[in-house]
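Please look over the sequence and the three-dimensional model below before reading on. The report that follows takes up strand pairing, overall form, cysteines and internal space.

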Amino acid sequence: MTSLIAYLNHWSGTGPAALTGGPAPRAQSLPLYHLHEHNLHSFRALLIPAHADQRYLLSQRSRLQDYLLAGGTVVVNGHVAYPFLCWLTPFQAGTAGGVEGLRVHRAQPHPIFQGVDPDELTFRRGVAGFYARGASPAPMDAVVLNTLGPDHLPIDWLLALPGGGRLLCHSGNDLWMYAGSTDSVGRIVPQLFDWLQGDAA
């Protein structure tokens, strides 16, 4: 399988430097609205940022689902408003109040979050709530990796699909916004890409 990873760029420029910059970029910037022109199977993984146009992605639903069922990997960030994959459901805001309602809990160990302290996901510069404020409910067969608040909303979940496909859903700001962090959350981006280049669920 190809090692190419596409960042679906919904903005001007070439995408976040942590992904598409430098002499050996981790991902290739692919303009979102050109997605329909490409053979998705030429990519190992597709990275969908928060705030991407989900109505356009909805128009690509069949192609994206076929790609996943054929062994592709998709990483979805943000709040799902238009379920552009059959495994996604709309975002639900957390209802628990206070800091405890924003606290991140580890539900299941996974290489992407190995060594990442949930307290450092909860607080950025002493402020809680950057990582997630609610969740898109996980499908029955998904593995929940991180949860939010006392209700344990599934803010990070992973679904392994027949044929080897993998769908990772993060119901918050882009996971790559933590690139270069000096605390444990700085581990997320390199560990995410190690996982993307592997085959394990």
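Two strands pair if DSSP finds at least two bridges between them, and the elements themselves are DSSP runs numbered from the N terminus, with helices (H or I) of at least four residues and strands (E) of at least two. The model is a predicted one, in which local features need pLDDT of at least 70 and side-chain atom pairs count only at pLDDT 80 or more, whereas totals for chains, interfaces and linings use all residues. Residues are numbered from 1 along each chain as its sequence is written, and side-chain values use heavy atoms, with hydrogens and water left out.

The protein chain holds five helices and 12 strands. Strand β1 (residues 5-9) has two parallel partners, being joined by four bridges to strand β2 (residues 28-31) and by three bridges to strand β3 (residues 45-48). Alanine 6 takes part on both sides, as the table shows.

| Residue in β1 | Partner strand | Partner residue |
|---|---|---|
| Alanine 6 | β2 | Glutamine 28 |
| Alanine 6 | β3 | Leucine 46 |

Because five of the five residues of β1 are buried, this strand is largely enclosed by the rest of the structure; buried here means under 20% relative accessible area, exposed over 50%, and partly exposed in between, with a 1.4 Å probe and protein chains only. In a regular strand the side chains alternate between the two faces of the sheet. In β1 both faces are covered, with Ile5, Tyr7 and Asn9 buried on one side and Ala6 and Leu8 buried on the other.

Of the 201 residues of the protein chain, 49% count as buried. The radius of gyration of the protein chain is 16 Å, which agrees with the value near 17 Å for a compact globule of 201 residues; the radius is taken over C-alpha atoms, and the globule rule is 2.2 Å times the number of residues to the power 0.38.

With a disulfide defined as a pair of cysteine sulfur atoms within 2.5 Å, the count comes to zero. Cysteine 86 is in no disulfide, the nearest cysteine sulfur, that of cysteine 169, being 13 Å away. Cysteine 86 is partly exposed at 43% relative accessibility, whereas cysteine 169 is buried, with a relative accessible area of 0%.
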